[in-house]
Amino acid sequence: MVEMLGYTAIRQLSQMIAAVAFFHSSEYVLAVSIHGRSNVTFSSLLISKQYVLAMGFSFLEYFLEILLLPWLKEYWWISNTGIVLVLIGEVIRKAAIITADRAFTHMIRVRHEDHHELVTHGIYRFIRHPGYSGFFIWATATQIMLCNPICIVAFMVVTWRFFSTRIRYEEYYLRQFFGSQYEEYSRRVPSGLPFIK
Ligand SMILES: C[S@@+](CC[C@H](N)C(=O)[O-])C[C@H]1O[C@@H](n2cnc3c(N)ncnc32)[C@H](O)[C@@H]1O
């Protein structure tokens with residue numbers, strides 16, 4: 001197997017599998033420790049059908065290019081930049097989850113609960129949506145790590161579009177829950193995603 005794939009593929013694919021496994025297992029562990037096992041479902045692993053499809057495309061691109069354009073995978077400075085960005089994305093996202101604590105629910109709240117307070121400290125002082133910003137960086141970085149030019153662009157476009165819709169929906173409710181407090185906060189602090197104020 002190692003001889004068939006070669007050093008580059010073995011290394012880059014192992015990094016990818018490690019990044020994905022760590023991301024999802026840590027999301028699940030954090031969700032259980034914050035919300036309790038009985039309130040956490042398989043969806044907290046954040047593995048949707050669309051996500052599996054995207055990852056499928058990513059591996060397909062990787063295998064086609066390593067067979068047909070192997071030189072493309074040898075830009076180690078690009079691949080290593082991807083590793084650094086994967087770590088940065090992880091740190092931003094996990095800092096968001098830990099800081100927001102019980103306010104960080106995987107399903108967007110549409111009803112205000114008594115314990116739900118507006119979080120504006122820690123990483124939320126600098127970015128309004130650090131959880132989404134971290135995921136956006138992480139997902140794009142996995143493709144940079146694999147030197148997958150098509151999926152770098154595709155992952156950026158798809159995750160950006162997904163979060164731009166989600167942020168509009170989420171902020172509609174946050175404005176209802178927290179009124180002028182949220183207005184003032186959103187004027188002062190950037191979203192953390194490009195081209196979203
Ligand atoms: C998946 S979390 C994402 C939180 C945030 N958008 C982020 O990217 O870090 C979604 C939940 O967080 C809540 N939420 C988002 N921003 C918040 C804030 N600054 N303070 C309290 N709750 C927040 C929303 O009401 C929603 O139910």
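Analyst: A residue counts as buried when its relative accessible area is under 20%, as exposed when it is over 50%, and as partly exposed in between, using a 1.4 Å probe and protein chains only. By that rule, buried residues make up 45% of the 197 residues in the protein. The model is predicted: local features need pLDDT of at least 70, side-chain atom pairs count only at pLDDT 80 or more, and totals for chains, interfaces and linings use all residues. Residues are numbered from 1 along each chain as its sequence is written, and side-chain values use heavy atoms, without hydrogens or water.

User: What makes up the secondary structure of the protein?

Analyst: The protein has 5 helices and 0 strands. These are DSSP runs numbered from the N terminus, where a helix is H or I over at least four residues and a strand is E over at least two. The order from the N terminus is α-α-α-α-α. The C-alpha trace spans about 60 × 35 × 25 Å along its principal axes.

User: Why is Ala-141 called buried or exposed?

Analyst: Ala-141 is in helix α4. Its relative accessibility is 0%, so Ala-141 counts as buried. Between the C-alpha atoms of Ala-141 and Leu-60 there are 17 Å in space, and the two are 81 residues apart in sequence.

User: How do you know which residues surround the ligand?

Analyst: A residue is near a molecule if one of its heavy atoms lies within 4 Å of it. The ligand is surrounded by 18 residues, and the closest are His-116, Val-119, Tyr-124, His-129 and Glu-170. Helices α4 (130-145) and α5 (149-188) each give at least two residues to this shell.

User: What kinds of residues form the shell around the ligand?

Analyst: The shell has 10 nonpolar, 4 polar and 4 charged residues. Here Ala, Val, Leu, Ile, Met, Phe, Trp, Tyr, Cys and Pro are nonpolar, Asp, Glu, Lys and Arg are charged, and the others, Gly among them, are polar.

User: What makes the pair of Tyr-124 and the ligand a polar contact?

Analyst: A polar contact is a pair of N or O atoms within 3.5 Å; within protein, one must be able to donate a hydrogen and the other to accept it, and residues adjacent in sequence count only if both atoms are side-chain atoms. A polar side-chain atom of Tyr-124 is 2.7 Å from an oxygen atom of the ligand, so the distance is within the cut-off. For a side-chain N or O atom of Thr-105 and a ligand oxygen, the distance is 3.0 Å. Tyr-132 has a backbone N or O atom 3.0 Å from an oxygen atom of the ligand. The ligand taken alone exposes 560 Å², and the protein buries 99% of that.

User: Which label, buried or exposed, fits Glu-171, and why?

Analyst: Glu-171 is in helix α5. Glu-171 counts as buried because its relative accessibility is 7%. Its side chain makes a polar contact of 2.8 Å with the side chain of His-129.

User: Where does Cys-147 lie, and why is it called buried or exposed?

Analyst: Cys-147 is in the loop between α4 and α5. Its relative accessible area is 5%, so Cys-147 is buried. Although not a glycine, Cys-147 has a positive phi of about 50°.

User: Why is Phe-195 called buried or exposed?

Analyst: With 83% relative accessibility, Phe-195 therefore counts as exposed. Phe-195 is in the segment after α5, and has a positive phi of about 65° although not a glycine.

Notes
Areas by Shrake-Rupley, 256 points an atom, 1.4 Å probe, with all protein chains shown as cover.
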